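Dear colleague,

Please find below the structure that I am handing over to you, followed by an account of what was found in it. I would be grateful if you could read the account with the structure open beside it.

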Amino acid sequence: MKKYVVETYYTCTFKTVHTLNDLNDKELTKIDSRTDGDVEVIDVKLNNRKTKKIGEKNKEKTNDIKINNSLPNQLNEKIVNKKVESNNPQTFKIKNNSRFKMPDRRKGYIQKAQIGDHKVYLHTGEYDDGKIGEIFIDTNKEGELVKAMMNNFAIAISLGLQYGVPLEEYVDAFIDTKFEPSGNVLGNDRILSASSILDYVFRELAISYLGKEELAHTPSIVNNKNIANDSTDEKFLKIVKNITSKGFVRSNLEEKLVDLSDVRINLKTKN
């Protein structure tokens with residue numbers, strides 16, 4: 001009977017979390033050289049396994065763990081601890097906490113459009129910084145099966161966005177997909193036609209959140225109101241009232257704007 005030695009290799013995935021007092025270019029350039037961050041081990045995976053016969057004249061490898069002096073001491077200690085745990089017969093699982101959940105009360109918009117004879121309602125949800133984090137797609141004439149598929153498709157896209165998948169990847173994947181319903185689009189001032197519902201949805205998201213004007217069929221038209229005689233604060237208040245949901249701010253518009261008192265905004269309108 002031949003005997004073999006099994007060599008097991010592990011891949012350790014970790015992240016370093018730094019705290020910044022001020023968010024500016026000077027602080028960001030120093031992140032790579034900082035060693036005071038909190039190290040979190042995300043996952044330890046079995047990479048591959050190799051075998052060799054016992055008795056071969058290969059140099060035996062020691063089981064000592066080499067410490068890299070260039071890494072922070074906190075990270076070295078966690079790697080050593082995970083190596084010791086992996087030698088135990090008990091299995092372990094590290095939870096991946098990389099999902100960025102949506103806030104309970106969130107911003108967004110609803111866009112109604114009609115593709116052929118089918119009405120499509122696109123709902124979006126945003127993080128506090130304005131980035132999109134979820135979508136919902138409702139239709140009116142499809143059966144229960146198609147509605148369920150569209151709802152679960154929207155959930156899958158939302159989960160991907162919350163786990164960090166860039167919106168650009170979805171736009172590149174679903175733009176120009178072709179299936180019915182397709183044709184002229186009514187109700188959207190930037191999109192006049194679409195080859196499918198998915199083409200319309202991600203074309204709308206790309207224009208609204210990525211600024212991809214090349215995907216729009218009409219130029220952006222700014223609605224200029226006669227506010228030339230108003231002061232800067234009154235101009236800003238009128239613009240915010242036009243684009244802010246009364247239900248979201250719960251009618252406390254002026255109180256919600258108190259936090260913006262230290263922010264200087266240069267308002268420019270196109271002639």
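Contacts of Ile135

The model is a predicted one. A convenient place to begin is Ile135, which is in contact with Leu122, His123, Ala154, Ile157, Ser158 and Leu205, when its neighbours within four places in sequence are left aside.

The nonpolar core

Ile135 is among the residues with the most contacts inside the largest nonpolar core, a group of 31 residues. Ile137, Ile157, Tyr200, Val201, Phe202 and Leu205 are the others named for having the most contacts there. At least two residues of this core come from each of the strands β3 (110-115), β4 (118-126) and β5 (132-139), and the same holds for the helices α3 (144-162), α4 (167-174) and α5 (197-209). Which element gives the most to this core? It is α5, with nine residues.

Helix α5

The helix α5 has 13 residues, and the distance from its first C-alpha to its last is 18 Å, close to the 18 Å expected at 1.5 Å a residue. Is α5 mostly covered or mostly uncovered? It is mostly covered, as 12 of its 13 residues are buried. The buried residues include nonpolar ones such as Ile197, Leu198 and Val201, but also Asp199, Arg203 and Glu204.

Both ends of the helix deserve a look. At its start, a side-chain oxygen of Ser196 comes to within 3.1 Å of the backbone nitrogen of Asp199. Just after α5, Gly211 has a positive phi of about 70 degrees.

Aromatic pairs

The structure contains five aromatic pairs. In one of them, the ring centres of Phe174 and Phe202 are 4.9 Å apart and the planes are at 20 degrees; the pair is therefore stacked, since planes under 30 degrees apart count as such. This pair links distant parts of the chain, with Phe174 in helix α4 and Phe202 in helix α5, 28 residues apart. Both Phe174 and Phe202 are buried. Ring pairs also join Phe153, Tyr170, Phe174 and Phe202 into a cluster.

Two further residues

Gln162 lies in helix α3. Is Gln162 buried or exposed? Its relative accessible area is 5%, so Gln162 is buried, the cut-off being under 20%. The side chain of Gln162 is joined to that of Arg99 by a polar contact of 2.8 Å. Leaving out residues up to four places away in sequence, Gln162 touches Ser98, Arg99, Phe100, Lys101, Met102, Tyr127, Gly133 and Glu134.

Gly116 is placed in the loop between β3 and β4. With a relative accessible area of 33%, Gly116 falls between the 20% and 50% limits and is therefore partly exposed. Gly116 and Gly183 are 67 residues apart along the chain, yet their C-alpha atoms are separated by 5.8 Å.

The chain as a whole

The protein chain has eight helices and seven strands. Of its 271 residues, 25% are buried. Among contacts with a separation of 6 or more, 54% are between residues 24 or more positions apart. The accessible surface of the chain is about 20,200 Å², and carbon and sulfur atoms account for 49% of this surface.

Yours sincerely

Technical notes: Residues numbered from 1 in each chain as written. Predicted model: local features only at pLDDT ≥ 70, side-chain atom pairs only at ≥ 80, totals over all residues. Heavy atoms only, no water. Core = buried A, V, L, I, M, F, W, Y, C linked by side-chain atoms within 4.5 Å. Buried < 20%, exposed > 50% of the residue type's maximum accessible area, 1.4 Å probe, protein only. Helix = DSSP H or I, 4+ residues; strand = E, 2+ residues; numbered from the N terminus. Contact = heavy atoms within 4.5 Å. Phe/Tyr/Trp six-rings, centres within 6.5 Å; stacked < 30°, edge-to-face > 60°. Expected span 1.5 Å × (residues − 1). Polar contact = N/O pair within 3.5 Å; in protein donor to acceptor, adjacent residues only side chain to side chain. Areas by Shrake-Rupley, 256 points an atom, 1.4 Å probe, with all protein chains shown as cover.
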